[in-house]
Amino acid sequence: MDYVYAPGKNHLFVPGPVNIPEPVLRAMNRNNEDYRSPAVPALTKTLLEDVKKIFKSTTGTTFLIPTTGTGAWESALTNTLSPGDRIVSFLIGQFSLLWIDQQQRLNFNVDVVESEWGQGANLDVLESKLAVDAGHTIKAICIVHNETATGVTNDLSKVRFLLDKYKHPALLLVDGVSSICALDFRMDEWGVDVALTGSQKALSLPTGLGIICASPKALEASKTSTSVKVFFDWKDYLKFYNLGTYWPYTPSIQLLYGLRAALDLLFEEGLDNVIARHSRLGKATRLAVEAWGLKNCTQKEEWFSDTVTAVLVPSYIDSSEIVKRAWKRYNLSLGLGLNKVAGKVFRIGHLGNLNELQLLGCLAGVEMILKDVGYPVKLGSGVAAASAYLQNSIPLIPSRI
């Protein structure tokens with residue numbers, strides 16, 4: 001029973017947690033099992049291999065940790081670095097800010113490169129730091145691939161280019177929480193050393209799994225890391241991998257079966273098709289925003305995100321009222337503006353197991369809400385712009401041809 005009932009279905013368009021598809025819900029609707037029985041290790045083994053595919057890695061080692069993205073952050077840091085290590089970290093929005101806060105509280109020496117919210121990581125500053133770091137004092141580069149607060153996507157290939165240009169051995173640690181399984185991500189090709197995501201984003205699962213992929217270089221670094229870690233210690237996982245039992249503590253059985261179903265859906269659609277679908281959803285949303293006469297928080301096209309769009313509102317409108325009205329009147333969930341952009345933007349999440357007609361329903365709802373709060377939108381304008389684009393770009397469903 002819903003805590004606050006409303007007829008019909010809640011239209012969930014926050015940038016995570018996202019809609020859970022029916023096959024995943026059914027897969028998780030099962031009793032507990034003995035995780036030491038032969039069945040769970042057999043399931044886990046296939047998951048650890050198959051989850052590498054979402055990172056586009058063949059050489060990485062994966063970890064399925066019962067945690068959130070925040071826990072996955074901590075695991076990535078404490079297994080590869082030691083207190084006092086110098087990190088270059090980019091502050092471009094709320095989630096990169098939170099990761100930097102964690103880095104500082106874990107006693108790393110954090111060299112913060114800050115950009116205006118709505119801009120991407122300043123790679124010119126990174127280049128200047130790498131150019132003068134002949135002693136290789138920088139031990140890691142930490143970057144959020146897709147900053148969910150502002151709808152900004154960073155180009156990871158450019159970060160790898162700079163590291164290679166200066167022959168710098170720093171580890172590349174990437175938060176892919178709102179990008180992996182939705183945006184183009186190439187761990188091996190881009191030389192990412194640790195990549196992480198959360199189950200509640202594009203994988204379309206409940207919150208509760210932090211999914212990490214570590215390169216051979218990261219695993220080697222973990223052997224000399226002196227950071228304190230217990231729950232997140234990769235060594236404990238690797239010990240049980242070698243034993244063939246896989247789990248140093250009790251996993252969530254239901255989430256493992258859900259992950260199996262979620263991966264099967266992604267692979268059936270095809271990861272390249274999944275990425276193309278998200279590209280369509282992102283483009284359609286941006287066209288709607290433009291038709292409404294509003295602006296994207298993201299300042300340049302090169303940084304546009306295909307998983308979330310942060311929409312700037314006029315100064316006479318409090319964007320939190322848009323989010324409240326959406327939920328109270330239309331059973332539509334939109335994302336709030338956070339921290340520096342609180343009251344200034346609302347966010348439309350378009351990631352996960354989501355199709356184009358679902359998105360059009362959301363856009364129609366946003367138009368009515370904008371009208372409600374006094375913005376002079378022409379009803380149907382954004383939906384029409386998005387529909388015109390989608391009608392010419394949606395392919396036939398492969399399984400139905």
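These notebook entries record what I looked up in a predicted model of one protein.

**Entry 1. Overall form**

I began with the fold as a whole. I found 14 helices and 14 strands in the protein. The radius of gyration is 21 Å, close to the 21 Å given by the globule rule for 401 residues, so the protein is as compact as a globular protein of that length. I noted that the C-alpha trace spans about 60 × 55 × 40 Å along its principal axes.

I then turned to burial and contacts. Of the 401 residues, 56% are buried. Among contacts with a separation of 6 or more, 72% join residues that lie 24 or more positions apart. The protein exposes about 17300 Å², and carbon and sulfur atoms supply 54% of that area.

**Entry 2. The largest pocket**

I next looked for open space. The largest pocket holds about 1100 Å³. Its lining consists of 38 residues, and I recorded Glu269, Arg277, Asn353, Leu354 and Asn355 as those nearest the centre. The elements that each give two or more residues to this lining are α1 (22–28), α10 (253–269), α11 (271–291) and α13 (356–372). Which element gives the most to the lining of the largest pocket? I found that α11 does, with 6 residues. By class, I recorded 20 nonpolar, 10 polar and 8 charged residues in the lining of the largest pocket.

**Entry 3. The second largest pocket**

The second largest pocket contains about 740 Å³ of space. I listed 30 lining residues for it, with Thr153, Glu301, Glu302, Trp303 and Phe304 closest to the centre. Two or more residues come from each of α6 (123–131), α7 (156–165) and α11. I noted that α11 supplies the largest share of this lining, 6 residues. Helix α11 therefore gives the most to the lining of the largest pocket and also the largest share to that of the second largest pocket. The second lining divides into 10 nonpolar, 10 polar and 10 charged residues.

**Entry 4. Enclosed space**

I also checked for closed cavities. How many cavities of 30 Å³ or more are there? The count comes to 1. The largest cavity has a volume of about 40 Å³. Its lining is made up of Ile54, Lys56, Cys181, Ala182, Leu183, Phe185, Leu271 and Ile275. By class, I recorded 7 nonpolar residues, no polar ones and 1 charged residue in the lining of this cavity.

**Entry 5. Glutamine 200**

I looked up glutamine 200 and located it in the loop between β9 (194–198) and β10 (210–214). Is glutamine 200 buried or exposed? Its relative accessible area is 10%, and residues under 20% count as buried, so I entered glutamine 200 as buried. Leaving aside residues up to four places away in sequence, glutamine 200 touches Gly16, Pro17, Val18, Leu205, Pro206 and Thr207.

**Entry 6. Isoleucine 369**

My last residue was isoleucine 369, which I found in helix α13. Helix α13 is also one of the elements that give two or more residues to the lining of the largest pocket. With 0% relative accessibility, isoleucine 369 counts as buried. I recorded its contacts with Ile322, Arg325, Ala326, Tyr330, Leu332 and Leu334, again not counting residues up to four places away in sequence. I also looked up one separation: the C-alpha atoms of isoleucine 369 and leucine 351 lie 22 Å apart, and the two residues are 18 residues apart along the chain.

Conventions:
Residues numbered from 1 in each chain as written. Predicted model: local features only at pLDDT ≥ 70, side-chain atom pairs only at ≥ 80, totals over all residues. Heavy atoms only, no water. 1 Å grid on protein atoms, 1.4 Å probe; cavity = no way out; pocket = protein on both sides within 12 Å on 5 of 7 lines; lining within 4 Å. Points joined across faces, edges and corners; volume = space filled by probe spheres on them. Helix = DSSP H or I, 4+ residues; strand = E, 2+ residues; numbered from the N terminus. Nonpolar A, V, L, I, M, F, W, Y, C, P; charged D, E, K, R; others polar. Rg over C-alpha atoms; globule rule 2.2 N^0.38 Å. Buried < 20%, exposed > 50% of the residue type's maximum accessible area, 1.4 Å probe, protein only. Contact = heavy atoms within 4.5 Å. Areas by Shrake-Rupley, 256 points an atom, 1.4 Å probe, with all protein chains shown as cover.
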